[in-house]
Structures are given as structure tokens and as C-alpha cells.
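Colleague: I am new to this structure and would be grateful for a close look at a single part of it. Please describe the surroundings of the ligand, and then add a word on helix packing.

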Amino acid sequence: MADSSEGVAMKISGQLTVDDLPRVCPLLCRQTNPGYGGDQTRVVEVGGVRFGNGSPVVIAGPCAVESHEQTLAVARAVKHAGADMLRGGAYKPRTSPHDFQGMGVEGLCILRIAREETGLPIVTEVMDTRLVEQVAQYADMLQIGSRNMQNYPLLAEVGHAGKPVLLKRGMAASLGEWLGAAEYIAKQGNLNIVLCERGIKAFAAGEYSRYVLDLNVIPAVLANTFLPVIVDPSHATGIASMVEPASRAALEFGSHGLLIEVADFATGRPRCDADQAIDGKTLARIVKFAHHRHEQLLFAQRAA
Ligand code: PEP
Ligand code: MN
């Protein structure tokens, strides 16, 4: 009889470790792209905003575009706070088909008006391969949401839409699955990809926060790919009061930026994700922290 202390070396189909990354994502993996050195990041540019060049990028805006008045009010607050880009969903992935699904193309038109007024580049979600071309006509950056991270035809479609892509991590995705998804976009010739950690499902998710913010993944991403990575503290926590400390923590972990939901409560309570929305004043403090932190790092680098 075999000695049980010897154990059994098992290889499980489909299970990935970081050793598999050169095979899973050769276009994006550090090991197979020595040109990026051990620590350089590919700079991804979106309408003059540069991800991965050292200065953190703050993207903020409503969860959903709900009206012209609401979106413009939030866009002005985002601009006033000093953020770099505007977010807002025109097509919303909702748990129930009976919930507000977004304003569709009308929402895209409102985002365009908000960009014209504020000068902020727009990122918005696309969920359907049939709508990639349409959304790409309005957006400066296409967002792939958590629920669609492994929608491979959609990834291929955004890969040749000619726009940078914000790829949110699936809520139960491993690092290998996330980078494998990014590789689908890269395989179409589009390496302008920014990754976004947005909280994962783990045993504590839902008990005292919406998801579990996995900041540990940030250094792992930085070690294994040259793509920039940002953090969404809003969906990760689901609680407005946690968004500011989570943002600071994300930057301390090396995040290249933040994706934050903001509301203008004077124009009404948001129909979508109201409890995680922060106000413009809080956003301004986060932006100030991000800039200050960057300056401190530059100062420390020069002194070293
Ligand atoms: C969003 O950012 O609008 C969103 C729906 O987030 P997620 O896909 O991460 O749930
Ligand atoms: Mn939301």
C-alpha cells in the first residue's frame, strides 16, 4: 500500500498557475516580452489621459446615465474635483431584467454632450457584440464589465474596434483567467488594455461589504504583465464610506488609477448603486491624495 505521506502529484485540467502565463498570454506576459524590462508599464493613452506613466488616473462618474440633467451635474462635479475621465453606463448589466437597463443610445448621446462640455474623455460599458461599433462611435474607451470578462466573442470584437479597452476582472476570476481574457483582446492587435480589479466573491462578500477587494492582486498583476491596472473601490465595497480609504489603499498597493462612482444627490438619488456613490467633495479629496502620493513617490525616487 502507498505511504499516504508521499502525497499524489496531480495536474488538474484547466487549473492555471503563474508558470502557465507564458503559454496563456504570451502577448501580454512579462516573461515573454523582455522589451518591457522587469518593471516597465505600457502606457495606454485615452484622449490625452495616460495610464501607467506614474501619475494615477482617476475616472469618476455615475453608475448609470439616467438623464441629461443628472449626468451633466455629475460630470461638472467630476471635472471640478480634478478627475481625469468620466464614466457612466448607457447599457447596464442588471441582476434582474425588470430593473432599469440604461438609456441605450440616448445615454451615449448624453455622454457625448458631457464630454463636449467638460473635455473629459468617456469610458462606457459595452455588453453586446452587435453594439460594439455603435458604442465605439461615442466612447473614448470601451469597458468590459465583470460579468462579461469571459465573453470571448465580445473580447474579440472590442479587440478590433480601434479603441482602448478597460477590462474589469470577473468577480470569481483568477489572475490567469483575467490575463487570458486580456489576451483575446491583444490577439486582435489591440494592446491598449487597462485592467481593473473590482472586488471578488469570497466567503465574506455580502456580509459587511459587497465584494472582497483583492488588493493583493495588484502587485501580482504588476509582476506578471506590462499592462496598467486600476482599482474600482465602489463596486468592490458597495458602501460609500469605504470608498475613500479603499482608494488610498489601492494607490499604496501600486494601482495606476481608480474607477469611482459619484452622485449629485441634489438632482436625486441614483436609480442604480446609490449606496456606494460618493459626492464631489469626497472625490476631490481622493484626487488630491492621488496627486500628493505621486509627488511623494517622485520625491523619494529623486532622493534615492
Ligand atoms: C460598472 O462599473 O458599471 C459595473 C457594472 O461594474 P462591474 O462590471 O465591475 O460589476
Ligand atoms: Mn455601478
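Modeller: The following account takes the ligand site and then one pair of helices. Please note that the model is predicted.

Ligand 1 is surrounded by Arg87, Lys92, Pro93, Glu125, Gln143, Gly145, Ser146, Arg147, Lys168, Arg198 and His235. Among these residues, Lys168 places a polar side-chain atom 2.7 Å from an oxygen atom of ligand 1. For Arg147, an N or O atom of the side chain is 2.8 Å from an oxygen atom of the ligand. Lys92 has a polar side-chain atom 3.1 Å from an oxygen atom of ligand 1. Taken alone, ligand 1 exposes 290 Å², of which the protein buries 96%.

As to the helices, α5 spans residues 152–159 and α6 spans residues 175–186. Their axes come within 7 Å and cross at roughly 45°, and therefore α5 is oblique to α6. On the α5 side, the contact is made by Tyr152, Leu155, Ala156, Val158 and Gly159; on the α6 side, Ala181, Tyr184 and Ile185 take part. By class, this contact has 7 nonpolar residues, 1 polar residue and no charged residues.

Technical notes:
Residues are numbered from 1 along each chain as its sequence is written. Chains are lettered from A and ligands numbered from 1 in the order in which they are written. This is a predicted model: local features need pLDDT of at least 70, side-chain atom pairs count only at pLDDT 80 or more; totals for chains, interfaces and linings use all residues. Side-chain values use heavy atoms; hydrogens and water are left out. Axes are lines fitted to C-alpha atoms, for helices over the stretch in contact, and angles run from 0 to 180 degrees between N-to-C directions. Helices (H or I, at least four residues) and strands (E, at least two) are DSSP runs, numbered from the N terminus. Angles under 35 degrees count as roughly parallel, over 145 as roughly antiparallel, 65 to 115 as roughly perpendicular and the rest as oblique. Contact means heavy atoms within 4.5 Å. Ala, Val, Leu, Ile, Met, Phe, Trp, Tyr, Cys and Pro count as nonpolar, Asp, Glu, Lys and Arg as charged, and the others, Gly among them, as polar. A residue is near a molecule or strand if one of its heavy atoms lies within 4 Å of it. A polar contact is a pair of N or O atoms within 3.5 Å; within protein, one must be able to donate a hydrogen and the other to accept it, and residues adjacent in sequence count only if both atoms are side-chain atoms. Accessible areas come from the Shrake-Rupley method with a 1.4 Å probe; for residues, only the protein chains shown count as cover.
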